[in-house]
Each structure stands twice: as C-alpha cells, then as structure tokens.
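User: I would like to go through the terms used for this model and see how each one is justified. Please set each value against its definition.

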Amino acid sequence: MPTENYWNYIKLMIVIKPKGSTYFSLGIIVVALLAGLILILRDFAYKGSFGLWFYLIAASLITLVLLMLLVKMLAGFRFITAGRDQIIVKLPLRGFQKAYPIAEILAWEEEVVIANKKEFKQLTIAFSDQQSISVSNHEHHAYPDLVNYLVKKAPKKKVKNKKA
C-alpha cells in the first residue's frame, strides 16, 4: 500500500488526462456510425432497395469516417504528469512511458483559435529526442495548470507568436 509520502508526492504533480465527456461523446458517434453501417449492409443483403453504387459509396464513406474517428480517439489517449522539474508522458495503448527533464524541452507553443465565440487552445511541447506531445483545453483536464507550469519552469523555451 502506498505511503503518505507517496500521496503527497502525487498531489504536487499536475496530471493531464483525457476528459471522459469527450470520449463518451465520440463513443456515441462511433456506435451510431457502426449501427448505420450494419443497417446499410443488412439492407443490401436482404432487400437491395437501392442500386449497388449507393451501397458501395455509403459503406466506404461510413467505414472511412469510422476508422478516422477511432484513430483519433486512440492516438489522443495519453496521460501527462508534470512536476518535480520533469514531464512524464504515458501512452498506454503504445506501451510508451518516458520522463523528460525540463532541460530536454526544445520548445513549447500555445496556439489559441477563436471559433463560434469559443476559445480553443492547443499546447505543443517538443523534446530533444524528436518526440512531441499536444494537448488541448477541450480534450484534457488540467490544461491551464500545465501551461502555468511551463511558464514558470521553462519560460525561455516558449515560441513567440508572430502576428501578420
């Protein structure tokens, strides 16, 4: 069983994890697309209400969108822990885990886009081993805490935004 010191250590760390609501919403869309694909293939097999070209195009299009959505969900499933002068990146689906000291950060940049009167932010961090991670405020918990941590620990590595 972890000791009290362990829990105090974890409390000092910033944990950035995917938002459950985002994955729930995307999961509902995946289920709806899968149901639509099954219904189209079932209609083709039993009734054949439409021409062959419709089934080919509809099944291909739904499958393509479904695969793109699944890849986005799986690629974005990551856990990042920041604190104690390091950033730990965990990609559970790839079996990848690595701790990067603050000194190994080459650059970091926060991009802000305003669309439909909402502010979307994305943070990209590049490391010295040619790896990079991106997190966004709409898909991850504790996004502002990570930005504040980088402003405090690695202010010189921030990429300056140039406005045209």
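User: What makes β6 and β7 count as paired strands?

Analyst: Two strands pair if DSSP finds at least two bridges between them. β6 and β7 have five bridges, in the antiparallel sense, so the pairing criterion of at least two is met. In one position of this pairing, Thr124 stands opposite Ser134 in β7. The model is predicted: local features need pLDDT of at least 70, side-chain atom pairs count only at pLDDT 80 or more, and totals for chains, interfaces and linings use all residues. Residues are numbered from 1 along each chain as its sequence is written, and side-chain values use heavy atoms, with hydrogens and water left out.

User: Why do β5 and β7 stand at the edges of the sheet?

Analyst: The open sheet has three strands in the order β5-β6-β7, with antiparallel pairing. β5 and β7 (132-136) each have a single partner strand, so one side of each has no neighbour in the sheet. Neighbouring strands here are turned by 15 degrees against each other on average, direction ignored.

User: What packs on this sheet, and which strands does it touch?

Analyst: Helix α4 (residues 143-153) does, touching β5, β6 and β7. Contact means heavy atoms within 4.5 Å. The direction of α4 makes about 50 degrees with that of β6.

User: Why is α2 called roughly antiparallel to α3?

Analyst: The two helices pack at an angle of about 160 degrees, with their axes 10 Å apart. Angles under 35 degrees count as roughly parallel, over 145 as roughly antiparallel, 65 to 115 as roughly perpendicular and the rest as oblique. The angle of about 160 degrees therefore makes α2 roughly antiparallel to α3. Axes are lines fitted to C-alpha atoms, for helices over the stretch in contact, and angles run from 0 to 180 degrees between N-to-C directions.

User: How do you know that the length of α3 agrees with its number of residues?

Analyst: The expected span is 1.5 Å times one less than the number of residues. For the 24 residues of α3 (residues 52-75) that gives 34 Å, and the end C-alpha atoms are 34 Å apart, so the two agree.

User: Which residues of α3 are buried?

Analyst: They are Tyr55, Ala58, Ala59, Ile62, Leu66, Leu69 and Met73. Buried means under 20% relative accessible area, exposed over 50%, partly exposed in between (1.4 Å probe, protein chains only). What covers these residues includes α2 (20-46).

User: Why is β2 described as largely enclosed?

Analyst: Four of the five residues of β2 (residues 79-83) are buried, so the strand is largely enclosed by the rest of the structure.
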